[in-house]
Amino acid sequence: MTATGSTADPAPSFGNGSSSGSGSGPAPAPHRLLYITEDQTAAQVDEELALEAARAAFAATVDSAVLPSLAVHGSDPRNRFSLKPSASATHAGVKIGTYWPDNEEHGLPRHHSTLLLLGQKIGRIAAVLEVGTANAYRTAAADALAVDLLARADATTLAVFGTGHQAPYEVAAASRVRPIDEVLVVGRTADRAERTAAALAAQGHNARAAGAEEACDRADVIVTATTARADSPSLFEAAWVRPGTHISCMGADAPGKRELPPGLFARARVFCDLPEQARRMGECQHAPAGTVLTSLGEVLTHRAKGRVDDSDITLFDSSGIGLRDLYVGLALLKKMDISL
């Protein structure tokens with residue numbers, strides 16, 4: 001491993017053998033572990049880097065084996081984390097994404113992510129990257145790619161369901177690929193929706209709070225980014241969605257989670273990052289058995305059709321795959337002039 005231009009502190013050495021003169025030859029070179037902090041990755045990531053990494057990752061899903069993700073919980077069932085393994089022709093790793101809802105009481109984000117990259121020569125961890133902020137960009141980049149490939153070209157009104165930390169990233173990402181001139185924010189409470197809309201307006205978006213039915217009736221693009229579960233009502237009614245709408249469902253990434261009305265699947269053309277995973281832990285776990293799922297990578301590489309008609313309702317189910325994390329991590333290292 002070479003680390004050129006890294007600002008991380010020198011990494012510790014781990015004993016790989018004895019150099020006590022046992023007569024078995026020279027001791028192996030000490031293992032070096034590269035550690036990149038949250039501040040460092042947050043300073044490097046941006047929408048362009050995340051979107052280009054998403055394009056590369058989704059294209060790679062077509063001809064590469066994609067490893068499924070695992071969602072589990074901590075000692076307290078409210079605390080959840082996911083493991084997203086990945087492997088390309090040259091690199092491999094795993095992202096650990098955490099959701100600790102009580103972190104706000106400690107002044108910390110509820111979400112965080114850590115990416116571990118394996119050294120391919122000896123199979124030990126070569127680099128640890130804290131990627132909490134980068135993960136928010138990474139998630140929104142998948143949404144932006146889906147909007148770019150599936151939404152109508154004249155889409156201008158965006159409805160975002162969710163008022164958590166992810167919502168502003170989703171709005172910015174979608175606005176990058178479509179001329180969004182109105183953002184409607186739907187929250188669990190009117191107060192949260194108003195506060196999120198005000199924060200988006202301060203960032204330069206024409207945003208306001210709205211009810212679910214109005215948002216669906218006006219929207220060209222709907223993004224859902226919530227923690228909603230199947231034991232709660234869906235975020236909106238299927239009949240409220242107009243023909244021609246694109247929906248990016250970003251919140252369902254574990255068994256038991258659900259944001260959309262199941263009846264919407266009968267009206268939509270359905271796309272996802274990985275069909276078998278979408279049925280196990282994505283929004284499509286609630287889809288009828290006969291629902292046809294098309295991977296977004298197939299659309300990106302022109303092996304499958306995306307939107308066929310302006311009246312199509314298109315639905316992208318993003319449960320998250322490790323290749324997206326791997327490609328973002330590698331892009332960050334490249335930008336920092338670090339190679340593994």
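The expected span of a helix is 1.5 Å times one less than its number of residues. This rule gives a handy way into the present structure, which is a predicted model. Helix α2 covers residues 47–63, and its 17 residues should therefore span 24 Å. The C-alpha atoms at the two ends of α2 lie 26 Å apart, in agreement with that expectation.

The start of helix α2 is a good place to look next. Its N-terminal end is capped by Asp46. In this cap, a side-chain oxygen of Asp46 sits 3.3 Å from the backbone nitrogen of Glu48. Further along α2, a series of residues is buried, namely Leu49, Ala50, Leu51, Ala53, Ala54, Ala57, Phe58, Ala60, Thr61 and Val62. The cover over these buried residues includes several helices, among them α1 (38–44), α3 (132–150) and α4 (167–177). Helices α8 (296–300) and α9 (322–335) also contribute to the cover, as does strand β16 (313–317).

The packing of α2 with α9 can be described in more detail. Two packed helices are described by the angle between their axes and the distance between the axes. For α2 and α9, the angle is about 135° and the axes are 8 Å apart. The two helices are therefore oblique to each other, and their crossing is right-handed. On the α2 side, the contact is made by Leu49, Ala53, Ala56, Ala57, Phe58, Ala60 and Thr61. On the α9 side, the partners are Leu323, Arg324, Tyr327, Val328, Ala331, Leu332 and Lys335.

Helices α3 and α4, both part of the cover over α2, are linked to one another through individual residues. Ala140 belongs to α3 and is buried, because its relative accessibility is 3%, under the 20% limit. Beyond its neighbours within four places in sequence, Ala140 is in contact with Gln166, Tyr169, Glu170 and Ala173. Ala140 also shows how the fold brings together separated parts of the chain: Glu47 is 93 residues away along the chain, yet the C-alpha atoms of Ala140 and Glu47 are separated by 8.5 Å.

Two of the residues touched by Ala140 can be followed from their own side. Tyr169 lies in helix α4 and is partly exposed, with a relative accessibility of 26%. Leaving out residues up to four places away in sequence, Tyr169 touches Thr133, Ala136, Tyr137 and Ala140. Tyr169 and Asp143 are 26 residues apart in sequence, and their C-alpha atoms are 9.8 Å apart in space. Gln166 is placed in the loop between β9 (157–161) and α4. Although in a loop, Gln166 counts as buried at 11% relative accessibility. A polar atom of the Gln166 side chain lies 2.9 Å from the backbone oxygen of Ala136. Ala136 is also among the residues that Gln166 touches, together with Thr139, Ala140 and Ala225, when residues up to four places away in sequence are not counted.

Finally, two residues stand out for their backbone angles. His302, in the loop between α8 and β16, has a positive phi of about 65° although it is not a glycine. The relative accessibility of His302 is 73%, so this residue counts as exposed. Asp337, located in the segment after α9, likewise has a positive phi, near 60°, and is a residue other than glycine. With a relative accessible area of 48%, Asp337 is partly exposed.

How values were computed: Residues are numbered from 1 along each chain as its sequence is written. This is a predicted model: local features need pLDDT of at least 70, side-chain atom pairs count only at pLDDT 80 or more; totals for chains, interfaces and linings use all residues. Side-chain values use heavy atoms; hydrogens and water are left out. Helices (H or I, at least four residues) and strands (E, at least two) are DSSP runs, numbered from the N terminus. Buried means under 20% relative accessible area, exposed over 50%, partly exposed in between (1.4 Å probe, protein chains only). Contact means heavy atoms within 4.5 Å. A polar contact is a pair of N or O atoms within 3.5 Å; within protein, one must be able to donate a hydrogen and the other to accept it, and residues adjacent in sequence count only if both atoms are side-chain atoms. Axes are lines fitted to C-alpha atoms, for helices over the stretch in contact, and angles run from 0 to 180 degrees between N-to-C directions. Angles under 35 degrees count as roughly parallel, over 145 as roughly antiparallel, 65 to 115 as roughly perpendicular and the rest as oblique. A crossing is left-handed if the near helix is turned anticlockwise from the far one by less than a right angle, and right-handed if clockwise.
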